[in-house]
Structure formats: C-alpha cells, structure tokens
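Me: Please take a close look at one part of this structure and describe it in a single connected account. I would like the cut-off behind each term to be given where the term is used.

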Amino acid sequence: MTSGHPPATLPLSAQYRADAIVLRHRDLGEADRILTLFSAEHGKLRATARGVRKPTSRLGGHLEPLTRASVLITRGRSLDVITQAQASEMYPHARASVITLLHGLHMAELIDRFTQEQEPQRELFLHLVDALRRLDAGQPPAPLARAVEAQILGWAGFQPVLDRCASCGADAAGLSGPLFFSAQLGGMLCGACRSGQQAWTRPVSRETLHDLTALQREGSDAAARLSTREDAAADCEALLRWYLIYILEAPLETAAVLDRTRATLGPR
C-alpha cells in the first residue's frame with residue numbers, strides 16, 4: 001500500500017518539480033482529479049490537480065493520460081498538489097485512433113502495476129517515452145506493446161527462459177516435438193518435462209519463442225520485425241498477457257477493454 005506522501009527521494013522543500021508522464025487519473029469531487037504520474041526523477045507519484053475539470057483550468061490540457069509534462073508539485077497533508085504543469089510531449093497521433101490509444105494506456109497500466117511509489121526508475125521511464133514516441137510516429141501498436149511487456153518483465157526480474165527447458169535445462173535448439181511454456185517456472189518446457197508441470201502451462205510455437213527472444217534482446221527495435229502472420233501475433237500476445245496475469249495475480253483492465261473494442265470494430 002502507498003501513503004500518498006512525497007517520496008523520500010524528494011528535496012526537503014515545500015515544492016518540487018518532476019518530468020512526468022500521466023499514467024492515469026480519477027475524478028475527485030466536482031472539479032478535482034487524483035493523478036498517477038511516472039517521473040524520471042522520483043518514480044511513481046500521486047498528486048491532486050485541483051479544479052482541473054473546470055473549463056477555465058490552466059492545467060487541464062497538460063495533464064491528460066499519456067501526456068509528458070513538467071510539473072510543479074506542492075507538498076500536502078495527505079496528497080501533494082500539482083500547482084503548475086506544462087506539457088512537453090502530447091503524442092497526438094498516438095491518440096488518433098481508439099486502438100492506438102488503448103495500446104498506449106495498456107503500456108501505462110503495466111508501468112503502474114509493476115512499480116511502487118518512492119522508487120525512481122529512470123530506465124523504465126525512458127522505455128515508456130521511447131514507446132510512446134514510436135507509437136506517435138505511426139509504428140504498429142501491437143508489436144510495440146509486446147516490446148514494452150517484454151522490457152517490463154525483464155526489468156522486474158521475470159524475464160522468461162526461452163533458450164532451454166526451464167525444468168531440465170535441455171537446449172531448445174536440440175529439442176523436437178511440441179514445446180510448452182510454464183508460468184510457474186517462468187520459461188519454455190520440453191515435452192518430457194511438461195507432464196510434471198500441468199498447472200499454468202500452455203503450448204508455445206517455435207515462431208512465438210523466436211519473437212519473444214528478439215523482444216528480450218532488442219526491445220522496441222525488434223517490434224517492426226516480429227512475425228506478421230495474424231495467428232503468430234495473436235499467440236505472442238496471448239502468451240505474454242497470460243504470463244503477466246499470472247505474475248500480477250489479477251486481470252489487465254485495459255487489455256480487456258482493447259479486446260472488446262477490437263471485437264466491436266471487427267477485422268481492420
């Protein structure tokens with residue numbers, strides 16, 4: 001649980017600044033909002049933006065989700081208060097379609113779910129900025145989301161074992177027959193070891209293992225080179241989401257909205 005008080009990394013002054021991306025917000029009262037920010041200097045922060053929902057607010061357009069902004073924050077008794085905000089990157093093309101926007105919000109949700117307040121994570125901040133810039137430049141959103149998922153898994157210590165069986169250590173290159181993935185062991189399983197790992201185990205294709213390996217090694221740079229076959233892309237997405245749900249012990253809210261939206265829109 002988090003307290004909402006300013007992190008220990010912050011200076012002992014009444015105000016502090018942060019270069020931050022808005023991960024999400026929720027309404028508070030008639031005109032305020034509580035924002036979750038992910039900053040380069042201080043990690044994840046929670047702060048109130050007072051009057052931000054009023055048409056006359058000077059903060060409103062600078063504090064939308066997936067906006068990068070320089071913010072001035074004043075310490076408060078329970079929650080800190082954003083007193084100034086100036087957007088530096090708004091990623092307008094990433095908001096141009098609901099599908100692209102939802103992929104960006106999915107990335108933000110993962111950052112929120114995997115990080116704790118009071119823990120600066122500059123590398124992860126830069127990963128998110130890079131992904132949002134690529135999304136804004138028109139790169140396909142789904143492969144970028146897979147890259148962010150792989151980067152977060154590696155950062156959090158859950159990078160899956162893909163080059164060998166996670167149980168017996170057999171080299172993947174020398175294995176024949178069907179392969180599997182174990183969420184409990186965090187990696188690929190050979191057919192012989194699968195019988196002892198029934199729970200949270202699913203088949204995995206060699207094409208998906210190839211794509212996941214590329215994502216682990218090269219991150220977003222590999223996104224454009226992932227398999228373009230629809231079934232292979234769907235298999236990679238399903239496996240990573242399934243693995244993330246196992247780790248987080250909870251469903252991914254934005255991913256569920258994305259599924260419903262894609263079902264409504266149909267093939268594109």
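Reply: Strands β2 and β3 run antiparallel and are joined by seven bridges; strands here are DSSP runs of E with at least two residues, helices are runs of H or I with at least four, both numbered from the N terminus, and two strands pair if DSSP finds at least two bridges between them. This is a predicted model, in which local features need pLDDT of at least 70 and side-chain atom pairs count only at pLDDT 80 or more, whereas totals for chains, interfaces and linings use all residues. Residues are numbered from 1 along each chain as its sequence is written, and side-chain values use heavy atoms, with hydrogens and water left out.

Between β2 and β3, L35 has A47 in β3 as its bridge partner, and the connection from β2 to β3 is a hairpin of three residues. Six of the seven residues of β3 are buried (under 20% relative accessible area, with exposed over 50% and partly exposed in between, for a 1.4 Å probe and protein chains only), so this strand is largely enclosed by the rest of the structure. Besides β2, strand β3 pairs with β5, here in the parallel sense and over two bridges, and T48 has V81 of β5 as its bridge partner.

These pairings belong to a closed barrel of five strands, which runs β1-β2-β3-β5-β4 with mixed pairing. Within this sheet, neighbouring strands are turned by 50 degrees against each other on average, with direction ignored.

Following the barrel on from β5, one comes to β4 (residues 68-74), which runs antiparallel to β5 (residues 80-89) and is joined to that strand by seven bridges. V81 appears again here, because T74 stands opposite V81 in β5. Strand β4 also pairs with β1, in the antiparallel sense and over seven bridges, and D19 has S70 in β4 as its bridge partner.

From β1 the path leads back to β2, since these two strands pair in the antiparallel sense over eight bridges. R26 and I34 are bridge partners, I34 being in β2. The hairpin of β1 and β2 has three residues between the strands, and G29 in this hairpin takes a positive phi near 65 degrees.

Two helices are to be added to this picture of the barrel. Helix α1 (residues 98-114) lies across β1 (15-28), β2 (32-39) and β3 (43-49), and runs at about 110 degrees to β1; such angles run from 0 to 180 degrees between N-to-C directions, with axes fitted to C-alpha atoms and, for helices, over the stretch in contact. Helix α2 (residues 122-136) packs on the sheet as well, touching β1, β2, β4 and β5 (contact means heavy atoms within 4.5 Å), and its direction makes about 65 degrees with that of β1.

The axes of α1 and α2 come within 11 Å of each other and cross at roughly 175 degrees. That makes the two helices roughly antiparallel, a word used for angles over 145 degrees, while those under 35 count as roughly parallel, 65 to 115 as roughly perpendicular and the rest as oblique. On the side of α1 the meeting residues are T100, G104, M107 and I111, and on the side of α2 they are L124, L128, A131 and L135. By class, this contact holds six nonpolar, two polar and no charged residues, where Ala, Val, Leu, Ile, Met, Phe, Trp, Tyr, Cys and Pro count as nonpolar, Asp, Glu, Lys and Arg as charged, and the others, Gly among them, as polar.

One residue of α2 can be followed beyond the barrel, namely R134, which lies in this helix and counts as buried at 17% relative accessibility. The side chain of R134 makes a polar contact with the side chain of D130 at 2.9 Å; the term stands for a pair of N or O atoms within 3.5 Å, of which, within protein, one must be able to donate a hydrogen and the other to accept it, with residues adjacent in sequence counted only if both atoms are side-chain atoms. If its neighbours within four places in sequence are left aside, R134 is in contact with Q139, L144, S220 and D221. R134 and Y91 are 43 residues apart in sequence, and their C-alpha atoms are 9.4 Å apart in space.
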